[in-house]
Amino acid sequence: MTNKTVSKINPELTLDYMCNHEENQNFDRKKTSISEQDLANHIAGMANADGGVLVVGINDDGKIIGFNEYPKKLNSFRKSIQFLNSEPELKYEELDVVNYKGEKDKILLIHIYICLTKLIRNQKDEVYLRRGDSTIKLTDEQIQILKIDRPEVSFEEQLSNRATIEYVDSDVLKIYKEKIGATDKTDEEVLIARGFMRKSFITGEKCLTNAGVLLFAKDPSLFLQTARIRVIKIDGTELIPGRDINIIKDETFTLPLYKAIQEVPKFIHTQIKDSTHLTNGGIFETIPEYPEFTYVEGVTNAVTHRNYGMGGEYIKIFIYSDRMEIRSPGKLAGLVTLNNIKYVRYSRNRTISRTLTEFGVVRELNEGVSRIYKEMEDSSLAEPEIKVDQGDIFILTLRNENHQKVSSKVSSKVSSKVGTKLSNNQARILNLIQENPHISRNELSKKIGLSETSIYNNIQKLKAQGYIERVGADKNGYWKILK
């Protein structure tokens, strides 16, 4: 029975998945002992976020408890939405299982769909939201932000009246069908079942929604003009217009999002430099201008979270000699701010985000942004810069090593001693220490443009290699250059 237990609504939900897969934005396990009121809040949280499934009867550790010990709850859980002020769209599904005692039993699956038109509240007028692998109660301020953000979400569901099945990229849809276990279904059946296609009241034909166009059309820009990505390589640190224009390469991509996430970073890689040097161990080492993950994740985030309803703007990626700028239309969505962006996940384009997660190119948890910071730090590069300009364009800036070089040459004493053995950041630290042995980590951070953590890590490397040592206590001590 264990091997055959699988959801008929979502074939991805095998018993092995439900017991062992990590909980995430769209999947959660609940004990049978949970109260009806608490279950209702979790249902509301998913309906207010991206939708998903609650599996009731399996503990967090994967132990199958079932309902034999709680016979009345199987029916009462089906009525738990009575604790909500409005009903979200959902489906209940009972599956036969064998519980931890070896007895025949049941578990309950609650399939919850996104509510696009309103916020689902409980009887206390509270609003819950699924965020990552947790369900949180929102503050009044957060509720107002979500209410404002709702109109942006509905753009995905709007019908594109000219986008019929003939415009679909069958190769991309084939991959998607394999990912969700629906290879026995026709393309049209899958598109309709997943909400990417429905009948147009204007033409009478079955057409793609905007989300369907962006995800599965061969050329989404035929229907959504700004559904394109432009990569521009520039000779210098600024774009010079007119007769002296300094554009080296200018490429535009109009691809379904799954392909765009793969092809755009490949092209970027051809436009950035790799440097090769001989290590102390006599081995040649090649170091890219930017860590690959940083621009792959930057492109993925831009494609997933941009505001596709924002007219006249599209994703632009500028590659200057000292930096890369990934510019994506749209202000920060929902609960995300510049201060919490490394840790808080919120999808403006919920259908797109969820589908790209099913494709395997978007992560369920929001570790990507924080890893961009870590990758830059590990490469001794400046922290990424994130801002939203006055035109509501989200900008991620990655700076390369050329930006880090001091305007004046490193002193001959440091230069002749360390040569090519150290990174530019480490040479700059040595140079600044030589100028002021009492300089603090905070001062080094401000002068070089790295975080204090990155400064600390570089200093530890310099100490380990015998270039510097600390003399005296931290407060009144100083740095001494040894080589």
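A cavity here is a set of grid points where a 1.4 Å probe fits but cannot get out. Keep that in mind, and keep in mind that this is a predicted model.

With that rule, we count 3 cavities of 30 Å³ or more. Take the second largest cavity. Its space comes to about 90 Å³. What lines it? The lining of the second largest cavity has 14 residues. Nearest its centre lie Ala227, Arg228, Ile229, Leu257 and Tyr308. By class, that lining has 11 nonpolar residues, 1 polar and 2 charged.

Now the open space. The largest pocket has a volume of about 1400 Å³. Its lining is made of 48 residues. Look at the centre of the pocket: Tyr113, Ala193, Arg194, Arg354 and Glu358 lie nearest to it. The lining divides into 21 nonpolar, 12 polar and 15 charged residues.

Which elements supply this lining? At least two residues each come from strand 2 (52-56), strand 4 (104-112), helix 5 (170-180), helix 6 (187-193), strand 7 (197-199) and helix 10 (350-359). Helix 10 gives the most, with 5 residues.

Stay with strand 4 for a moment. Strand 4 pairs with strand 3, residues 90-98, in the antiparallel sense, over 9 bridges. One pair to find on screen: Glu93 has Leu109 in strand 4 as its bridge partner. The two strands form a hairpin with 5 residues between them. In that hairpin, Gly102 takes a positive phi near 85°.

On to the sheet. It is open, has 6 strands and shows mixed pairing. The order is 10-9-13-14-16-15. Why do two of these strands have one side without a neighbour in the sheet? Strand 10 (247-253) and strand 15 (385-388) stand at the edges with a single partner strand each, so one side of each is left free of a neighbour there. Neighbouring strands of this sheet are turned against each other by 15° on average, direction ignored.

At one of those edges, strand 10 runs antiparallel to strand 9, residues 229-234, and 6 bridges join the two. Val231 has Glu251 in strand 10 as its bridge partner.

Last, the helix on this sheet. Helix 9, residues 292-305, packs on the sheet. Helix 9 touches strand 9, strand 13 (315-319), strand 14 (323-329) and strand 16 (393-399). The direction of helix 9 makes about 15° with that of strand 14.

One link to take away. Ile229 belongs to strand 9, residues 229-234, and Ile229 is also among the residues nearest the centre of the second largest cavity.

Methods
Residues numbered from 1 in each chain as written. Predicted model: local features only at pLDDT ≥ 70, side-chain atom pairs only at ≥ 80, totals over all residues. Heavy atoms only, no water. 1 Å grid on protein atoms, 1.4 Å probe; cavity = no way out; pocket = protein on both sides within 12 Å on 5 of 7 lines; lining within 4 Å. Points joined across faces, edges and corners; volume = space filled by probe spheres on them. Helix = DSSP H or I, 4+ residues; strand = E, 2+ residues; numbered from the N terminus. Nonpolar A, V, L, I, M, F, W, Y, C, P; charged D, E, K, R; others polar. Pairing = 2+ DSSP bridges. Axes fitted to C-alpha atoms, helices over the stretch in contact; angles between N-to-C directions. Contact = heavy atoms within 4.5 Å.
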